[in-house]
Structures are given as C-alpha cells and as structure tokens.
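The following report describes selected features of a structure for a reader in computational chemistry. The sequence and coordinates are shown first.

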Amino acid sequence: MSSAQPASSFDAIVIGAGLSGIYQLHKLRQLGLSVRVLEAGAGVAGTWYWNRYPGARCDSTAECYQYWFSDELLNEWNWSERFPAQPETERYLNYVADKFDLKRDIQFHTRVNAASFDEAAGRWHITTTGGEQFSAQFLVMATGGLSSPQVPAFKGYENFKGTSVHTARWPHEAVDFAGKRVGVMGTGATGIQVIQTIAPQVGHLTVFQRTATYAIPMKNPKYDAARMAELRQSYPEMKSLVHNTFTGNDYDFGTVLFQDLTPAQREARLWEFWHDGSLKFWVGAFGELFADQAVNDYVSDFVRARIRERVKDPVVAEKLCPKDYGFGTRRVPLETNYFEVYNQPNVQLVDTTADPIECFTENGIKTASGEHQLDMMIFATGFDAATGALTAIDVRGRDGLLLRDSWRQDGVRTWMGLQVHGFPNMFMIMAPLSPAAAFCNVPTCSQQQADWISNCIDYTRKHGKQSIEPTADAEARWGEHHDELANATLVPKTKSWYMGTNIEGKQQRLLAYVGGASTYRLACDKIAEEGYPESVFS
Ligand code: NAP
C-alpha cells in the first residue's frame with residue numbers, strides 16, 4: 001500500500017493482541033468506540049503466541065492467571081492443571097477472542113513502526129512496516145513487557161553452521177532433538193524450562209550459564225471436574241482477592257515476622273511454603289527478605305541447600321548455587337527436575353564467568369577451555385524488558401518529541417506507567433514504573449490497567465474533551481516516589497532485567513513499581529474518582 005493511501009480512521013488503535021490488548025479491545029468496544037487492534041503475529045495471545053519453546057509453562061496458578069470480566073467464561077473454561085503449559089493458555093486466549101467475537105477487529109501480520117501525534121488534529125497517525133496508515137484519537141500500547149527478544153552479539157556468530165533460535169521466536173513446527181548436540185544459553189525462567197524439557201531428548205546438552213538461578217520445585221497437580229467445581233466456588237472471592245494483594249496473586253506477604261520466630265520455627269515455616277510448590281514461597285514466607293539483608297541471607301542459604309541436595313557432583317552443585325545476589329531480588333522461576341538434569345552424563349554445565357565465551361565457530365562455541373561442538377544453539381537470553389517494545393516503535397508526541405530519545409536522554413519517565421507527559425491520549429499497559437512491568441501477576445494488573453484506561457477514555461469523551469495528558473510535575477512526582485520505594489529494597493543491588501542491566505547502555509533503574517499491585521490500584525482508582533487531577537484536558 002502506498003503512503004498516499006488515505007489512513008483508516010478509528011476512535012482507538014490498540015497495538016498488540018496479547019492478553020492485555022484483546023481485553024482492551026473488548027472494553028473499548030463496550031464503550032461504543034470503533035477500535036482496531038494491530039498485531040505483528042498471525043494469532044492472538046502475545047507472549048503465549050511467541051513463546052512456544054519446549055516446556056513453556058505459566059508459573060502463576062491457572063485460577064489466578066485468567067480474565068475475571070465474564071462469569072459465563074469463568075463457568076465454561078476448564079483448566080487441566082495448576083500451572084498450564086503454553087498451548088493451553090494460547091487456546092484459552094483464542095477461546096476468549098472467539099467467544100467475544102474479537103478477531104474481526106484485529107489485523108494480524110501487521111507490525112507498527114511509527115506513531116505520531118498530530119496536535120492540530122488531536123489524533124495519532126500510525127504507520128506499519130507494510131506502509132499502511134491508520135488514524136485514531138486514542139492509542140493504547142498493549143505491546144507487552146517481555147516482547148522484544150535479545151540475542152547477544154558474539155564474535156564469529158555468522159560462521160556458525162548449525163541452527164540457532166531465540167526461545168521467543170520458536171518455530172511452529174516440531175523440532176527433533178534426537179541425537180543432536182544442543183547448546184542453551186541463559187538460565188532464567190525460560191532457560192530452565194527449556195533445559196529441563198529437552199535434556200531427556202537430546203544427544204548432548206551444553207548449558208552456558210553466566211548467572212546461577214534460585215528456583216522452586218513446582219507442584220503441578222492435574223485439575224479434574226471436582227477440582228474445577230471447587231475452584232469455581234472460590235472464584236468470586238478470588239476475583240476480589242487478587243486485586244488486594246501485593247503481586248496480584250491469591251497470596252500475600254505473611255503477617256509472621258522472622259524476628260519473632262525461633263530458628264526451628266523459621267525452618268518449619270520455610271519448609272511449609274516450599275512444599276506449596278508455587279511462587280508463594282517467594283513473598284509469603286518472609287516478606288522481610290526484600291529489604292533485610294540478614295533475612296535474605298537466611299532464605300538464600302535455605303534455597304542453596306536444596307540445590308546441593310539434588311546435584312550429585314559437588315563442583316557442579318556449587319556452580320548452580322547463586323552466590324552473588326540474594327534470593328528473590330531477581331525473578332524466581334518454578335522448575336521440575338531442573339537440577340537433576342545436571343546429573344545426566346550427556347549434560348555439561350559451562351560457567352561462562354569462569355570459562356568465558358570467546359567466539360562462535362563453524363561447529364559451535366569456543367570458550368577459554370576449548371570448543372563445544374553444537375548442531376543447534378538455543379538462546380534463552382531474555383528481553384529488552386518494559387521499554388523495548390515501546391522504543392522499537394518511532395513514537396512521536398507533541399512537537400515531534402521521540403519517546404526513545406526522551407527516555408535515552410532524560411531517563412525513563414512515565415506517569416504511573418500509564419501515560420507519558422508530551423504524548424496526549426497515548427496509554428500503556430505493562431509499561432515501566434507500574435507494578436505490571438514485573439511485580440504483578442500479568443492478568444491481574446493488565447486487566448486493572450485496561451479497565452482504568454477505558455474509564456479514562458470514557459470520562460474524556462463524556463466531558464467533551466479531545467485529549468488527556470499527565471502534567472510534567474505529576475509525572476516527576478511519580479518517578480520520585482517510585483525511586484524512593486525501589487531504593488528501600490535490596491532489588492537494585494542485583495543485576496537483572498528488572499534493573500535493565502541485561503541490555504547494554506540501558507538506564508539502570510528498577511523498571512517496575514514496588515509499592516504493590518493493590519496500593520497501585522487504589523491510587524489509580526482515587527485519581528479516577530477525583531476526576532484525574534494530575535492531568536490536563538484539552
Ligand atoms: P532472563 O531472565 O533475562 O534470562 C536471560 C538469561 O540469559 C540469563 O541467564 C542471562 O544471564 C543469560 N544471558 C543473557 N545474555 C547473555 C550473554 N551475553 N552471555 C551469557 N548469558 C547471557 O530472560 P527469560 O529467562 O526469558 O525470562 C524473562 C522473564 O520472562 C522472566 O523473568 C519471567 O518474568 C518471564 N517468564 C515467565 C515464565 C513463566 O511464567 N513460567 C517463563 C519464562 C519467562 P545473566 O543472568 O547473567 O544476565
């Protein structure tokens with residue numbers, strides 16, 4: 001399509017048809033707006049569409065990781081297990097999209113490369129890589145927090161004759177690992193799932209680990225009809241509960257204090273939460289671990305002891321024990337037989353801090369100690385989190401200000417992770433400086449943000465206004481509040497995608513708001529009730 005072609009005009013454009021985007025579409029359509037969702041993939045589901053690598057699985061419980069807006073949907077949909085695998089969540093999101101007839105307003109295979117605000121017209125102009133043009137009064141970036149995959153640059157990579165793939169760009173066709181020499185780089189939540197899943201299938205597995213990971217063994221019982229009936233009874237209570245906890249799950253910080261317990265009681269409490277087999281251990285056992293180094297050390301020791309129990313070779317066990325950061329200060333994954341993988345004779349762990357990667361060769365990877373021969377290389381190397389998908393698009397606000405440049409020069413700034421001063425009528429879900437960017441069960445916080453955005457757009461229209469934009473002062477206050485809370489925790493001491501340290505040149509600052517999902521929701525609700533006092537309407 002040529003650029004001379006007239007733009008297709010809508011009340012709102014939503015970018016991204018993941019969990020957030022399709023719900024946003026549903027909400028805005030309910031208000032009577034004309035909406036078009038633009039999605040780069042061939043189907044809905046966002047993260048659950050792209051991340052189809054072996055072993056991809058949710059580590060929030062199914063009963064918390066769902067939509068709450070339709071009782072009919074809650075009654076119809078049956079989850080098959082506590083932590084569903086990727087195909088099931090992808091099926092669920094397709095089911096929702098079909099049930100609410102959402103796909104007719106979603107344009108697939110459409111990647112947005114630019115969006116600019118025309119102040120005179122009070123509209124956003126959106127262009128795609130295919131040259132299509134759209135125009136809309138409101139723009140919602142439902143582009144995902146972990147959707148911009150990163151492959152590190154390595155010398156000689158172009159010489160490698162084997163196949164290589166990033167986990168977030170996994171092919172739709174089945175991959176045969178039988179007899180293959182496979183390398184996996186990355187031991188975060190993704191790498192762990194891939195490694196534990198393919199280890200029994202491959203000829204030989206080489207894991208390139210730069211940072212060891214604390215992980216909790218997952219308990220994943222099947223859900224039968226009786227269990228689903230029981231869960232359905234709890235849904236009304238759970239729907240409210242998840243919006244009233246720190247992480248948007250159905251558990252919260254405990255009220256029991258570490259200092260009030262004897263050593264035996266502390267140990268017993270850790271075991272009790274450990275046996276739950278969920279991320280409840282992370283926040284529920286001793287919430288003080290996020291701010292109190294002594295408590296953190298105690299819990300970290302407990303988790304390291306669990307690793308040592310499972311890995312036979314003590315040298316390998318030590319490599320797998322994180323030593324340079326505290327438990328919970330970076331994302332804690334759930335795992336199934338992950339540590340036992342390293343007891344297999346065909347699995348080799350390469351600690352790339354002690355044995356650094358020098359280059360790729362035709363046949364594999366050369367580290368200081370020698371060449372590792374590989375037929376296939378899997379990069380589980382993560383994402384440019386929270387900001388990456390937003391800065392990948394040329395987003396221009398008032399006076400042509402480019403969001404990417406503004407964030408690079410002055411640091412990331414958002415007002416409550418929902419809007420940016422200078423970018424009227426642009427809203428974001430899972431963006432930086434909101435809990436949704438990292439510290440919240442995604443469905444809880446993305447539904448909360450999409451609800452808030454819909455209400456804000458409705459308010460703006462009903463009051464006869466063209467646009468809404470946070471003031472620079474309000475945005476600065478939010479940034480200061482965010483930093484103050486962040487710096488009171490141990491999280492900024494640890495290198496991770498939470499802090500932007502995984503991306504060269506990225507500002508090092510906690511990307512997600514640590515005030516808690518429930519506190520954040522109350523603050524958002526108050527602002528709406530008071531008529532958006534921190535924003536300017538025009
Ligand atoms: P990640 O946590 O950022 O992990 C990336 C891994 O790649 C790290 O081990 C990192 O090492 C390594 N890496 C990156 N560059 C490297 C290099 N140049 N050399 C050696 N190693 C390198 O990414 P992720 O595992 O994809 O997970 C991202 C987030 O997605 C998770 O934290 C979670 O929020 C979400 N997720 C959720 C689930 C689930 O629900 N079950 C599953 C997967 C992912 P360093 O640590 O040293 O940087």
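Gly 464 adopts a positive phi of about 70° just after helix H13. This description, like all that follows, refers to a predicted model.

Helix H13 comprises residues 442-462. At 1.5 Å a residue, its 21 residues should span 30 Å, and the end C-alpha atoms are indeed 30 Å apart, so expectation and model agree. Of the 21 residues of H13, 15 are buried, and the helix is therefore largely enclosed by the rest of the structure.

A disulfide joins Cys 440 to Cys 445, with an S to S distance of 2.0 Å. The count of disulfides comes to 1. A disulfide is a covalent bond between the sulfur atoms of two cysteines. The angle about the S-S bond linking Cys 440 and Cys 445 is 90°, and the link is right-handed.

How exposed or buried are the cysteines Cys 440, Cys 445, Cys 321 and Cys 359? The values are tabulated below; buried means under 20% relative accessible area.

| Residue | Relative accessible area | Class |
|---|---|---|
| Cys 440 | 8% | buried |
| Cys 445 | 3% | buried |
| Cys 321 | 3% | buried |
| Cys 359 | 14% | buried |

Cys 440, at 8%, falls under the 20% limit and is therefore classed as buried. Cys 359, at 14%, is likewise buried because its value is under 20%.

The ligand site is considered next. The ligand is surrounded by 23 residues, of which the closest are Arg 57, Thr 190, Arg 210, Thr 211 and Trp 497. By class, this shell contains 10 nonpolar, 8 polar and 5 charged residues. Helix H5, residues 189-198, supplies the largest share of the shell, namely 3 residues.

Which protein atoms lie 2.9 Å, 3.2 Å and 3.3 Å from an oxygen atom of the ligand? At 2.9 Å the partner is a backbone N or O atom of Thr 187. A polar backbone atom of Ala 189 is 3.2 Å from a ligand oxygen atom. In the case of Arg 331, a polar side-chain atom lies 3.3 Å from an oxygen atom of the ligand. Taken alone, the ligand exposes 910 Å², and the protein buries 86% of that area.

Key
Residues are numbered from 1 along each chain as its sequence is written. This is a predicted model: local features need pLDDT of at least 70, side-chain atom pairs count only at pLDDT 80 or more; totals for chains, interfaces and linings use all residues. Side-chain values use heavy atoms; hydrogens and water are left out. A residue is near a molecule or strand if one of its heavy atoms lies within 4 Å of it. A polar contact is a pair of N or O atoms within 3.5 Å; within protein, one must be able to donate a hydrogen and the other to accept it, and residues adjacent in sequence count only if both atoms are side-chain atoms. Accessible areas come from the Shrake-Rupley method with a 1.4 Å probe; for residues, only the protein chains shown count as cover. Helices (H or I, at least four residues) and strands (E, at least two) are DSSP runs, numbered from the N terminus. Ala, Val, Leu, Ile, Met, Phe, Trp, Tyr, Cys and Pro count as nonpolar, Asp, Glu, Lys and Arg as charged, and the others, Gly among them, as polar. The expected span of a helix is 1.5 Å times one less than its number of residues. Buried means under 20% relative accessible area, exposed over 50%, partly exposed in between (1.4 Å probe, protein chains only). A disulfide is a pair of cysteine sulfur atoms within 2.5 Å.
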